[in-house]
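Take a walk through this chain, one stop at a time. The route begins at a single residue and widens from there.

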Amino acid sequence: MKIDNSNYIFKGIMLTVCGVLFAFFPGVLSWILYIIGGIIIVGSAFTVLGGLGSGDGTSLLPGGIVGVLIGLFIMYLPKIIEVQISLIAGIVIAIVAITQIIKALSKDFTKGLKLLQLIFGILLLICSIFLIFNPFKGGHIIRIIIGIVMLLFAAFNYYVAYVINQRNSASNPDIIDVTGYTAHDNDDHRRIQ
């Protein structure tokens with residue numbers, strides 16, 4: 001039976017992109033949030049203006065105002081992240097670490113893959129504890145560490161996808177495994193009895 005590894009490849013690609021942006025290009029991430037927030041504000045403003053021009057415009061007014069507020073929040077998000085980056089990252093990484101540990105303990109992986117996932121989950125949990133209690137007091141260092149952890153998690157997903165691919169190519173459903181069975185000739189079988 002073939003196992004689908006596309007989910008691991010997709011997670012690996014997303015984590016690679018996020019890790020590189022987060023660790024080495026933080027300005028790009030802020031600009032992306034500014035652009036998304038600006039698009040939401042402009043779209044919501046058009047909703048409010050379109051609602052004012054029609055006779056039933058009062059029903060669109062609250063939705064437009066909420067959209068503008070969401071857009072402003074998204075634009076302000078880089079400032080929030082910059083101030084509370086270690087706490088936010090520590091909580092997110094702790095959730096990912098606990099998920100990895102639970103997966104390692106509950107799934108039936110091969111011994112090496114299970115141990116690797118368990119060690120990876122424990123290392124992530126230790127990293128999250130340092131980030132939550134923030135012994136570094138430096139947002140720049142923490143941001144780089146978070147990006148590197150994302151890249152390590154991406155590498156782990158690529159490794160899992162590789163192992164699944166190796167298993168899929170090694171197992172062929174058209175071949176029947178008959179190891180352990182011995183074929184007897186009927187004449188030989190009668191002679192033995």
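Begin with Phe156. Leaving out residues up to four places away in sequence, Phe156 touches Gln100, Leu116, Gln117 and Phe120. Keep in mind that this is a predicted model. Phe156 sits in helix α6. Its relative accessible area is 8%, so Phe156 counts as buried, the limit being under 20%. One of its contacts, Leu116, is 40 residues away in sequence. In space, the C-alpha atoms of Phe156 and Leu116 are 9.0 Å apart.

Another of those contacts is Phe120. How buried or exposed is Phe120? Its relative accessible area is 14%, so Phe120 is buried too, again because the limit is under 20%. Phe120 and Phe156 also form an aromatic pair. A pair of aromatic rings is described by the distance of the centres and the angle of the planes. Here the centres lie 5.1 Å apart, with 10 degrees between the planes. The pair is stacked, because planes under 30 degrees apart count as such. It links distant parts of the chain. Phe120 belongs to helix α5 and Phe156 to helix α6, and 36 residues separate them. A third ring joins in: Phe120, Phe153 and Phe156 make up one aromatic cluster.

How many aromatic pairs are there? The count comes to three. One of them joins Trp31 and Tyr34. Their ring centres are 5.5 Å apart and their planes stand at 80 degrees, so this pair is edge-to-face. Both residues lie in helix α2, which covers residues 26-53. They are three residues apart, about one turn of the helix. Trp31 has a relative accessibility of 57%, so Trp31 counts as exposed, the limit being over 50%. Tyr34, at 26%, counts as partly exposed.

Now step back to the whole chain. It has seven helices and zero strands. Read along the sequence, the pattern is α-α-α-α-α-α-α. The chain holds 193 residues, and 29% of them are buried. Its exposed surface comes to about 13000 Å². Carbon and sulfur atoms supply 72% of that area. Consider next the contacts with a separation of 6 or more. Residues 24 or more positions apart account for 75% of them.

What lies inside? In soluble globular proteins, nonpolar side chains tend to be buried together. In this model, the largest nonpolar core has 21 residues. Leu124, Leu131, Ile146 and Val160 have the most contacts inside it. Four elements give two or more residues to this core: α1 (6-24), α4 (85-106), α5 (111-133) and α6 (139-170). Which helix gives the most? It is α6, with ten residues.

Ile146 is a good place to look at this core. Ile146 is found in helix α6. Its relative accessible area is 3%, so Ile146 falls within the buried class, under 20%. Ile146 and Phe22 are 124 residues apart along the chain. Yet their C-alpha atoms are separated by 7.4 Å.

Polar side chains can be followed as well. Ser128 is found in helix α5. Is Ser128 buried or exposed? It is buried, with a relative accessible area of 1%. Where does its side chain reach? It reaches the backbone oxygen of Leu125, at 2.7 Å. Leaving aside neighbours within four places in sequence, Ser128 is in contact with Gly90, Ile93 and Ala94.

The last stop is the cysteines. A disulfide is a covalent bond between the sulfur atoms of two cysteines. How many disulfides are counted in this model? The count comes to zero. Cys18 is partly exposed, with a relative accessible area of 38%. Cys127 has a relative accessibility of 16%, so Cys127 counts as buried, under the limit of 20%.

Conventions
Residues numbered from 1 in each chain as written. Predicted model: local features only at pLDDT ≥ 70, side-chain atom pairs only at ≥ 80, totals over all residues. Heavy atoms only, no water. Core = buried A, V, L, I, M, F, W, Y, C linked by side-chain atoms within 4.5 Å. Buried < 20%, exposed > 50% of the residue type's maximum accessible area, 1.4 Å probe, protein only. Contact = heavy atoms within 4.5 Å. Areas by Shrake-Rupley, 256 points an atom, 1.4 Å probe, with all protein chains shown as cover. Disulfide = S-S within 2.5 Å. Polar contact = N/O pair within 3.5 Å; in protein donor to acceptor, adjacent residues only side chain to side chain. Phe/Tyr/Trp six-rings, centres within 6.5 Å; stacked < 30°, edge-to-face > 60°.
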